[in-house]
Amino acid sequence: MSVVRHMSDRIAVMYLGRIVEEGDTEELFANPRHPYTRLLLQTIPNIKTPQRDREIVAGEVPSPLKPPSGCAFHPRCPLATAQCSAEVPQVKSLANGTRVACHLVEEDTQWAGERQRA
């Protein structure tokens, strides 16, 4: 992802063959909207804080031949709800040009669920 940042104006993040987030490169790095994008960005090495805390991704990557129902990322998502396992999220177009497929994304926050847990 770090290399792609310097080569692209827009990035599409995919999980099991589906685009989960797509948007302007700098916006995506500054304000990732999908939980998978956020986890991907945490894996980028940082020379200033090499020992920083990172979220642990639970579970195994599902088989692309038999993806899980609903959102394909829900078995590994730290914010997953019952809706995530039952319904495929529709792509939402946000005002900043970002497109994201996540039930928990709202226009003004990263995740609706994150606000409720805070």
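Me: Quick one to start: which helix does Thr37 lie in?
Reply: Thr37 lies in helix 3, and since this is a predicted model, that placement, like everything below, is computed from predicted coordinates.

Me: Is Thr37 buried or exposed there?
Reply: Thr37 counts as buried, because its relative accessibility is 0%, with under 20% as the cut-off for that class.

Me: Which residues does Thr37 touch?
Reply: Leaving aside residues up to four places away in sequence, Thr37 touches Val13, Val20, Glu21, Leu28 and Pro32.

Me: And how many residues of helix 3 are buried?
Reply: Helix 3 is mostly covered, with 6 of its 8 residues buried, and the buried ones are Pro35, Tyr36, Thr37, Leu39, Leu41 and Gln42. The elements that cover these buried residues include strand 1 (10-15), strand 2 and helix 2 (25-30).

Me: Take Leu41, then. Why does it count as buried?
Reply: Leu41, which is found in helix 3 (residues 35-42), counts as buried because its relative accessibility is 13%, and the class takes in values under 20%.

Me: What separates the C-alpha atoms of Leu41 and Met1?
Reply: The C-alpha atoms of Leu41 and Met1 are separated by 7.1 Å in the model, although the two residues are 40 residues apart along the chain.

Me: Pro35 was on that buried list too. How far apart in space are Pro35 and Leu79?
Reply: From C-alpha to C-alpha, Leu79 and Pro35 are 7.7 Å apart in space, while in sequence they are 44 residues apart. Leu79 itself is found in the loop between helix 3 and helix 4 (82-86), and it counts as buried because its relative accessibility is 10%.

Me: Zooming out, what does the secondary structure of the protein come to?
Reply: The protein has 5 helices and 4 strands, and reading along the sequence gives the pattern α-β-β-α-α-α-β-β-α. Of the 118 residues in the protein, 36% are buried. If one takes the contacts between residues at least 6 apart in sequence, 38% of them join residues at least 24 apart.

Me: Where is confidence lowest, and where is it highest?
Reply: Confidence is lowest in helix 5 (residues 112-117), where the mean pLDDT is 44, and highest in strand 4 (residues 99-101), where it is 96. For the protein as a whole the mean pLDDT is 83, and 81% of the residues reach 70 or more.

Me: How many contacts beyond four places in sequence does the model have for residues 112-118?
Reply: The model has 8 such contacts for residues 112-118, a segment over which pLDDT stays under 50.

Me: Changing topic to cysteines: how many disulfides does a search of the whole structure find?
Reply: The search finds 0 disulfides. Cys77, for instance, is in no disulfide, and the nearest cysteine sulfur, that of Cys84, is 6.1 Å away.

Me: Why is there no bond between Cys84 and Cys102?
Reply: The sulfur of Cys84 is 6.1 Å from that of Cys102, its closest cysteine sulfur, and this is too far for a bond, because a disulfide needs the two sulfur atoms within 2.5 Å.

Me: Are Cys77 and Cys84 buried or exposed?
Reply: Cys77 counts as buried because its relative accessibility is 16%, and Cys84 counts as buried because its value is 6%.

Me: What about internal space, and which residues line the largest cavity?
Reply: The count comes to 1 cavity of 30 Å³ or more, and the volume of the largest cavity is about 60 Å³. His34, Pro35, Cys71, Phe73, His74, Cys77, Cys84, Cys102, His103 and Leu104 line it, so the three cysteines just discussed, Cys77, Cys84 and Cys102, are among the lining residues. By type, this lining divides into 7 nonpolar, 3 polar and no charged residues.

Me: And how much space lies in the largest pocket?
Reply: The largest pocket holds about 150 Å³ of space, and of the 14 residues that line it, the closest to its centre are Tyr15, Arg18, Gly70, Cys71 and Ala72.

Me: Which strand gives the most to the lining of that largest pocket?
Reply: Strand 2 (residues 18-24) gives the most to the lining of the largest pocket, with 3 residues. The lining of this pocket divides into 12 nonpolar, 1 polar and 1 charged.

Key:
Residues numbered from 1 in each chain as written. Predicted model: local features only at pLDDT ≥ 70, side-chain atom pairs only at ≥ 80, totals over all residues. Heavy atoms only, no water. pLDDT = per-residue confidence, 0-100. Helix = DSSP H or I, 4+ residues; strand = E, 2+ residues; numbered from the N terminus. Contact = heavy atoms within 4.5 Å. 1 Å grid on protein atoms, 1.4 Å probe; cavity = no way out; pocket = protein on both sides within 12 Å on 5 of 7 lines; lining within 4 Å. Points joined across faces, edges and corners; volume = space filled by probe spheres on them. Nonpolar A, V, L, I, M, F, W, Y, C, P; charged D, E, K, R; others polar. Buried < 20%, exposed > 50% of the residue type's maximum accessible area, 1.4 Å probe, protein only.
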